[in-house]
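Good morning, and thank you for coming. I should like to take you through one structure, starting from a helix and moving outwards to individual contacts. Please bring up the sequence and the model.

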Amino acid sequence: MTVTIHAERTVTLIRVLKAPRELVWKAWTDIAMLKEWWGPEQFTNPRVEGDVRVGEMHITMHGPKGSPYDMDFPMIKRYREIVPGRKLVFDNEPIGPNGEKLIEGLTTVTFEDHPDGTLLEMTTSAKALMPQAVAMLGGMDLGWSQSLDKLTRLVEK
């Protein structure tokens, strides 16, 4: 079977969060905390299931009520590497309405101590496997930036 790649994109974001590395790590690995910040502004996470271990996690984001995004956006995360307190590497695969994989993504997040708290660096690369996923890639930097804004508010409060 031939796979068509409709677009590719890589985004790297670096943040210094005014919170200890252990708390920032927990926000990425504790299901209850992850549910609070994952996804762009005004998106919620009605489903976050699984564990942070080499294996799968299922997340369903839901867009803002009354907006064009007022729907579920399911995805699967498959952890490839976990270095406790230091690094997460995972595949991220948004799933379409008919169960098709929309995007093939790979994300690496590193956590380092910093004089002001935690230095977080995230690099995510994605390939749009369906034409409708091209727009999703176009919004990757904004979506991830908003997610990290929510993470920052959570750990700095």
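Which residues in α4 are buried? This is a predicted model, so every statement that follows is about computed coordinates. The buried residues of α4 are M140, G143, W144, S145, S147, L148, K150, L151, T152, L154 and V155.

Let me turn to the geometry of that helix. Helix α4 covers residues 140–156, and at 1.5 Å a residue its 17 residues should span 24 Å. The end C-alpha atoms are 24 Å apart, so the expectation and the model agree.

One residue of this helix deserves a closer look. T152 belongs to helix α4, and its relative accessibility is 17%, so T152 counts as buried, the limit being under 20%. A polar atom of the T152 side chain lies 2.8 Å from the backbone oxygen of L148. Setting aside residues up to four places away in sequence, T152 touches R15 and L17.

From the helix I move to the core. The largest nonpolar core contains 37 residues, and W28, W37, W38, L120 and L151 have the most contacts inside it. Helix α4 supplies the largest share of this core, namely 6 residues.

Next, the aromatic rings. The model has 12 aromatic pairs. In one of them, F43 and F73, the ring centres are 5.8 Å apart and the planes meet at 45 degrees, so this pair is tilted, falling between the limits of 30 and 60 degrees. This pair links distant parts of the chain: F43 sits in the loop between α2 (31–37) and β2 (44–50), while F73 sits in strand β4 (residues 72–83), 30 residues apart. Are the two partners buried or partly exposed? F43 is buried, at a relative accessible area of 15%, whereas F73 counts as partly exposed, at 22%.

Ring pairs also build a cluster, which joins W25, W28, W37, W38, Y79, F90, F111 and W144. One member of that cluster, F90, has K77 over its face, at 4.2 Å from the ring centre.

Returning to F43, where does D70 stand in relation to it? The two are 27 residues apart in sequence, and their C-alpha atoms are 9.0 Å apart in space. D70 lies in the loop between β3 (56–62) and β4, and it is partly exposed, with 33% relative accessibility. Not counting residues up to four places away in sequence, D70 touches H62, G63, P64 and K65. With H62, the contact includes a polar one between the two side chains, at 2.7 Å.

My last residue is R47, in strand β2. R47 has a relative accessible area of 32% and is partly exposed. R47 and I59 are 12 residues apart along the chain, yet 5.4 Å separates their C-alpha atoms. Beyond residues up to four places away in sequence, R47 touches H58, I59 and T60. Its side chain also makes a polar contact of 3.0 Å with the side chain of E49.

To close, I would return to two points. Helix α4 gives the largest nonpolar core its largest share of residues, and the F43 and F73 rings link distant parts of the chain. Thank you.

Notes. Residues numbered from 1 in each chain as written. Predicted model: local features only at pLDDT ≥ 70, side-chain atom pairs only at ≥ 80, totals over all residues. Heavy atoms only, no water. Helix = DSSP H or I, 4+ residues; strand = E, 2+ residues; numbered from the N terminus. Expected span 1.5 Å × (residues − 1). Buried < 20%, exposed > 50% of the residue type's maximum accessible area, 1.4 Å probe, protein only. Phe/Tyr/Trp six-rings, centres within 6.5 Å; stacked < 30°, edge-to-face > 60°. Lys NZ or Arg CZ within 6 Å of the ring centre and 35° of its normal. Core = buried A, V, L, I, M, F, W, Y, C linked by side-chain atoms within 4.5 Å. Polar contact = N/O pair within 3.5 Å; in protein donor to acceptor, adjacent residues only side chain to side chain. Contact = heavy atoms within 4.5 Å.
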